[in-house]
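Q: I'm new to this one and would like to go through it step by step. Could you put it up first?

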Amino acid sequence: PDQNLQSQLGGCCGYQPKLAFDGAGRLWIAWYSNATASTGLFVQQLDPATGAPAGSPAKAPASESSYNNSFGSALTCAATCRLVYGNSPAAGPANAVVSWWPGQSAPTTIANLAGTSQSAGRVLAAAYRADGRLWVAWFDGKSYRASLGDATGAGGQAQDAGVPKGAASGAYALAGMAVGDNLLLAANYAWKPAPDPAPFAVFVNTVAPQAPVTSA
């Protein structure tokens, strides 16, 4: 059966759904809504057999965006789940990469983007390692960054993951997955080798943690 989740929020419109199972086998969905009085990112548990809501949608704090969801988000699960997104208050551009889960009153700050490019926080990825620690990667307007934190993503040291050789400007998509201790990143980036003025390419790179590997 079809399940219209957006109708719970009063109408149009919903964007960019993401699905993930947690370690207990519960199915979660996250999506962006621009419905009047219900603008921002929402998380909800679903019945995996029917797709029907198994609870009420919960709104992520400060997830509104005057750019109609041009800020990035990632839903990733292990034993528990986290929604990672570019903090985007309605009054201004993104100023942080944060993570959150229903029941937490305020998001956890992973990286402060104050003073970076206005495009910072619009491209990001997140992935849990087997030990429960959370990798988060993002574009800060100049370069990709990656950080390995605790289960919420907090406490990590941001390291420069670089940009593709020959790259000109413009990060357009980012996906990541944990492979052992490392983070495997796939990036869609504007690349300008002569004579083509502006092709797009997909680059893949592995980021290793800077600090010694320890359990969470």
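Q: What covers the two faces of β10?
A: On one side L134, V136 and W138 are buried, and on the other side W135, A137 and F139 are buried, so both faces are covered. Buried means under 20% relative accessible area, with exposed over 50% and partly exposed in between (1.4 Å probe, protein chains only). This is a predicted model, in which local features need pLDDT of at least 70 and side-chain atom pairs count only at pLDDT 80 or more, while totals for chains, interfaces and linings use all residues. Residues are numbered from 1 along each chain as its sequence is written, and side-chain values use heavy atoms, with hydrogens and water left out.

Q: Why is β10 called largely enclosed?
A: Because six of the six residues of strand β10, residues 134-139, are buried, the strand is largely enclosed by the rest of the structure. Strands here are DSSP runs (E, at least two residues) and helices are runs of H or I with at least four residues, numbered from the N terminus.

Q: Which strand pairs with β10 over five bridges, and in what sense?
A: Strand β9, residues 124-128, pairs with β10 in the antiparallel sense over five bridges, where pairing requires that DSSP finds at least two bridges between the strands. A137 in β10 is the bridge partner of A125. Five residues lie between the strands of this hairpin, and G132 takes a positive phi near 90 degrees there.

Q: And what about β11?
A: Strand β11, residues 144-148, also pairs with β10 in the antiparallel sense, over five bridges. The bridge partner of F139 in β11 is Y144, and the β10 and β11 hairpin has four residues between its strands, with G141 in the turn at a positive phi of about 100 degrees.

Q: Which rings cluster with F139?
A: Ring pairs link F139 with Y144 and Y189 into a cluster. Rings of Phe, Tyr and Trp (its six-membered ring) pair if their centres lie within 6.5 Å, and planes under 30 degrees apart count as stacked, over 60 as edge-to-face and the rest as tilted. The whole structure has five aromatic pairs.

Q: Switching topic, which residues have the most contacts inside the largest nonpolar core?
A: They are Y144, L174, L183 and V207, in a core of 17 residues. Such a core is a set of buried Ala, Val, Leu, Ile, Met, Phe, Trp, Tyr and Cys residues joined through side-chain atoms within 4.5 Å.

Q: How many helices and strands are there?
A: The protein has zero helices and 15 strands.
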